[in-house]
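The following exercises are to be worked with the sequence and the coordinates at hand. Each task is followed by a solution in steps.

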Amino acid sequence: MHNSSRRGFMGKAFGAVAGVGAVGSLVAMKKTWDPLPSVKAAGFTTLDMSIYPEGKLITEKWRGKPIFILRKTKEMIDSQTESQATRDIVVAGIHYMIAIGLCTHLGCIPAYIPAEKEFHCACHGGQFDWSGQVTKTPPPRGLDIPPFKIEGNKMILGEVGPEFQAMKDSGVTL
Ligand code: FES
């Protein structure tokens with residue numbers, strides 16, 4: 001009787017210590033997963049723009065949103081219209097289409113169709129060209145361009161640089 005109550009007490013004590021240890025480990029693990037406070041507070045994402053292959057859509061992430069990055073081919077640059085060219089973002093002499101990868105109708109993620117050089121939205125049939133301009137409704141406008149700042153070969157998403165400001169002022173970004 002005495003022994004069993006002692007075992008019961010030991011068991012509870014051990015369980016309590018183990019429980020505290022487990023909570024401590026979870027807190028430590030969560031700290032490891034979380035972004036650094038400065039990164040989180042600022043909400044910036046820095047991209048090395050020299051790594052993107054020509055003509056291939058790469059999707060990055062910024063503030064939980066997909067960011068489409070398409071390094072334009074020479075053929076695209078040579079054949080695009082003036083209004084398509086106004087959406088070009090040029091970093092170190094290279095032309096890119098960069099846009100938030102959410103359909104401006106109701107927010108689905110459009111798929112890039114390389115053979116047609118177009119984005120197709122499966123939700124309601126909206127389409128965008130390779131520069132992100134809308135070519136088939138219901139989307140009310142082209143793909144939105146996130147705020148960015150260019151520094152050499154790097155692009156900082158979330159910061160407003162002069163190139164973004166100029167695009168915004170001319171109504172291109174939204
Ligand atoms: S959400 Fe893309 S067409 Fe409706």
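A residue is buried if 20 or more other C-beta atoms lie within 10 Å of its own, exposed if 12 or fewer, and partly exposed in between; the C-beta atoms are placed from the backbone. By this criterion, 23% of the 174 residues of the protein chain count as buried. The model is a predicted one.

**Exercise 1. Confidence and overall make-up**

Task: State how many helices and strands the protein chain has, and determine where pLDDT stays under 50.

Solution. Step 1: The protein chain contains five helices and eleven strands. Step 2: Its average pLDDT is 84, and 76% of the residues score at least 70. Step 3: The stretch in which pLDDT stays under 50 is residues 35–41, and for this stretch the model has one contact beyond four places in sequence. Step 4: Turning to contacts between residues at least 6 apart in sequence, 49% of them join residues at least 24 apart.

**Exercise 2. The environment of Leu 47**

Task: Decide whether Leu 47 is buried or exposed, and identify its contacts beyond four places in sequence.

Solution. Step 1: Leu 47 belongs to strand E1, which covers residues 45–48. Step 2: Leu 47 counts as buried because it has 20 C-beta neighbours inside 10 Å, and the threshold for a buried residue is 20 or more. Step 3: Leaving aside neighbours within four places in sequence, Leu 47 is in contact with Glu 60, Lys 154, Met 155 and Leu 157. Step 4: A C-alpha to C-alpha distance of 6.4 Å separates Leu 47 from Ile 156, although the two are 109 residues apart in sequence.

**Exercise 3. The sheet that contains E2 and E3**

Task: Give the strand order of the sheet that includes E2 and E3, and describe the turn between these two strands.

Solution. Step 1: The sheet is open and has four strands in the order E2-E3-E5-E4, with antiparallel pairing. Step 2: E2 and E4 are the edge strands, each pairing on one side only. Step 3: Direction ignored, neighbouring strands of this sheet are turned by 35° against each other on average. Step 4: Strand E2 (residues 57–62) and strand E3 (residues 65–71) run antiparallel and are joined by six bridges; Thr 59 has Phe 68 as its bridge partner in E3. Step 5: E3 also pairs with E5 in the antiparallel sense, over five bridges, and here Ile 67 has Ile 100 as its bridge partner in E5. Step 6: E2 and E3 form a hairpin with two residues between them, and Arg 63 in the turn has a positive phi of about 50°. Step 7: Arg 63 is not a glycine. Arg 63 is classed as exposed because 12 other C-beta atoms lie within 10 Å.

**Exercise 4. The largest nonpolar core**

Task: Find which residues touch the most other members of the largest nonpolar core, and list the contacts of Ile 98.

Solution. Step 1: This core has 22 residues, of which Ile 67, Phe 68, Met 97, Ile 98 and Ala 99 touch the most other members. Step 2: At least two residues of this core come from each of E3, strand E4 (89–91), strand E5 (94–100) and strand E11 (154–157). Step 3: Not counting residues up to four places away in sequence, Ile 98 touches Ile 67, Phe 68, Ile 69, Ile 89, Ile 145 and Phe 148.

**Exercise 5. The sheet E6-E7-E8-E9 and its loops**

Task: Explain why one side of E6 and of E9 is left without a neighbour in the sheet, and locate Lys 117 and Pro 138.

Solution. Step 1: The order E6-E7-E8-E9 describes an open sheet of four strands with antiparallel pairing. Step 2: Strand E6 (111–113) and strand E9 (134–136) stand at the edges with a single partner strand each, so one side of each has no neighbour in the sheet. Step 3: Neighbouring strands of this sheet are turned by 35° against each other on average, direction ignored. Step 4: Three bridges connect the antiparallel strands E7 (residues 118–120) and E8 (residues 127–129); Phe 119 stands opposite Phe 128 in E8. Step 5: Lys 117 is placed in the loop between E6 and E7. Although not a glycine, Lys 117 has a positive phi of about 50°. Lys 117 is partly exposed because 18 other C-beta atoms lie within 10 Å. Step 6: Pro 138 is found in the loop between E9 and strand E10 (148–151). The peptide bond from Thr 137 to Pro 138 is cis, with omega near 25°.

Definitions and conventions
Residues are numbered from 1 along each chain as its sequence is written. This is a predicted model: local features need pLDDT of at least 70, side-chain atom pairs count only at pLDDT 80 or more; totals for chains, interfaces and linings use all residues. Two residues are in contact if their C-beta atoms, placed from the backbone, lie within 7 Å. pLDDT is the predictor's confidence in each residue, from 0 to 100. Two strands pair if DSSP finds at least two bridges between them. Axes are lines fitted to C-alpha atoms, for helices over the stretch in contact, and angles run from 0 to 180 degrees between N-to-C directions. A nonpolar core is a set of buried Ala, Val, Leu, Ile, Met, Phe, Trp, Tyr and Cys residues joined through C-beta atoms within 7 Å.
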